[in-house]
Amino acid sequence: VSTQSTGGNKHLSTVVKALYLSRKTLFFMGVLVLQVIYCLSVISYLFFQDQYDYAEENYGVKHACSTIYDCVISNLYWGFPSGGGLMDYVDPFKPGAKAMIWTTYIIVFFVVVGVIVLNIIFAIIVDTFGQLRDRHSLMKSYLGQNCLICSLEREKFEAQGLDFLRHTEFDHNPIHYLYFFTYLRDSKIRGQEDYLSILEREILDRLNTENDVSSFFPNSQCLSLNEENPEKTFIQRLMRELRGEVSDQSKQTLTELRMMNDELKRLKIIVEKKNEKTRKPRNTSD
């Protein structure tokens, strides 16, 4: 619905979707804004009615705060869109005993409405954008490692020498399932149900009663994994034989190295004994 309402624009569709997903939170935030504005307007009505005369003098607005209702409308109309900048539309400063109190009220109004409330609303919208981005990344990662139809992992296909991308494009292409379900519904609309097979009629009946297309998906099942592929079997057998030959050769090489090491140790001992014998006659002659 959001894509149709935005004319197919992807970015605008994302904005509409974010606002739609956070509609309940934004609604309650709107109620909170009205409550905050009402509480501040009560203070305006009780203590600062004369400060709103500035609006009548400069903007021609009469009775800007003569009643609580007028104060609410004035604060909501001037204070909220301006980000809490109520001082731009009412008397910013009037010397007197209430000068400090009025200044404090203006600052509180700006902090509560312009800083806290508006930033909370912006944070909710930004957080919704973040959730949409994380959801999109998670879905993209899942579809890159799992089949949407059978939910089997990529590793199971690669372990048996099968191409996962070929499986998702030809064996379990979601578009093919969509075409099939559309074909069944169009056959019912056109009154061509008699031309459907028994299995197709059963699927169509379950679609009309259950309205759950995922119940027909082969969950954790795939014919290509169960088929006996002679070429695949030959390759797997050849790989096992190669592993066995490599293992046998490695064991034989290790045995020969150990024998050579033992022979070198024995020769070293013999050479050391000969050197000792040659040293003894020299010592006696000296």
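1. Ile-107 is partly exposed, because its relative accessible area is 49%. Here buried means under 20% relative accessible area, exposed means over 50%, and partly exposed lies in between (1.4 Å probe, protein chains only). Ile-107 sits in helix 6. Helices (H or I, at least four residues) and strands (E, at least two) are DSSP runs, numbered from the N terminus.

2. The model is predicted: local features need pLDDT of at least 70, side-chain atom pairs count only at pLDDT 80 or more, and totals for chains, interfaces and linings use all residues. Residues are numbered from 1 along each chain as its sequence is written, and side-chain values use heavy atoms, with hydrogens and water left out.

3. Ile-107 belongs to a nonpolar surface patch of about 460 Å². Its other members are Phe-110, Val-111, Val-115, Ile-116 and Ile-120. Patch residues have over 30% relative accessible area and no salt bridge; like charges are joined within 9 Å, nonpolar side chains (Val, Leu, Ile, Met, Phe, Trp, Tyr) within 5 Å. A salt bridge is a side-chain nitrogen of Lys or Arg within 4 Å of a carboxyl oxygen of Asp or Glu.

4. Gln-131 is also placed in helix 6, which spans residues 99–145. Gln-131 counts as partly exposed because its relative accessible area is 44%. Its C-alpha atom is 8.9 Å from that of Ala-18, although the two residues are 113 apart along the chain.

5. Ser-22 lies in the loop between helix 2 (10–21) and helix 3 (23–47). With a relative accessible area of 4%, Ser-22 is buried. Neighbours within four places in sequence aside, Ser-22 is in contact (heavy atoms within 4.5 Å) with Ile-124 and Thr-128.

6. A patch of negative charge lies on the surface, formed by Glu-193, Asp-194, Glu-202 and Asp-205. Asp and Glu count as negative, Lys and Arg as positive; His and the chain ends are not counted. Glu-193 falls in the loop between helix 9 (174–189) and helix 10 (198–210). Glu-193 is partly exposed, because its relative accessibility is 32%.

7. Now the whole protein. The secondary structure comes to twelve helices and zero strands. Buried residues make up 24% of the 286 residues. Among contacts with a separation of 6 or more, 54% join residues 24 or more positions apart. The exposed surface is about 20800 Å², with carbon and sulfur atoms supplying 60% of it. Accessible areas come from the Shrake-Rupley method with a 1.4 Å probe; for residues, only the protein chains shown count as cover.

Note on methods: Charge placed at Lys NZ, Arg CZ, Asp CG, Glu CD.
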